[in-house]
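Student: Please take a close look at one single residue in this model. I would also like to see how the rest of the protein is built around it.

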Amino acid sequence: MKKDNEKEIGKEIKLLFKSYHLDEKIAEVRIKELWETIMGKSIKNYTTGMHLYKGVLTVFIESAPLKQDLKFSKENIIARINEELGERMVKDIIIK
């Protein structure tokens, strides 16, 4: 059974991460870990990097046709990422 102070510690840790701007870096690491689950193995294999800054996720893709396909699916990808994270960290995606 959880005690009330455990909830408070969790909130305080989130506030601490946010104050040092670590929440976005943690979200970036989680997105990288979940990328294959969210997008599938083939897309992960064409992904060369990603970076999250101020709610904008920049994803680097090797394949030009895949870049086009992903640009048309931006809203869906954002929704899937935020759903996996359990919070709205990604507001936009840039595919490069």
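Tutor: Of the 96 residues of the protein, 29% count as buried, that is, under 20% relative accessible area with a 1.4 Å probe and protein chains only as cover. This is a predicted model, in which local features need pLDDT of at least 70 and side-chain atom pairs count only at pLDDT 80 or more, while totals for chains, interfaces and linings use all residues. Residues are numbered from 1 along each chain as its sequence is written, and side-chain values use heavy atoms, with hydrogens and water left out.

The residue to look at is lysine 54, in the loop between β1 (47–53) and β2 (56–61). Its phi is near 50°, a positive value in a residue other than glycine. Lysine 54 has a relative accessible area of 62%, so it counts as exposed (over 50%; partly exposed lies between 20% and 50%).

Around this loop, the protein has five helices and three strands; these are DSSP runs, with H or I over at least four residues for helices and E over at least two for strands, numbered from the N terminus. Along the sequence the pattern is α-α-α-β-β-α-α-β. The C-alpha atoms fill a box of roughly 50 × 30 × 20 Å along the principal axes. Among contacts (heavy atoms within 4.5 Å) between residues at least 6 apart in sequence, 52% join residues at least 24 apart. The protein exposes about 6900 Å² by the Shrake-Rupley method with a 1.4 Å probe, and carbon and sulfur atoms supply 54% of it.
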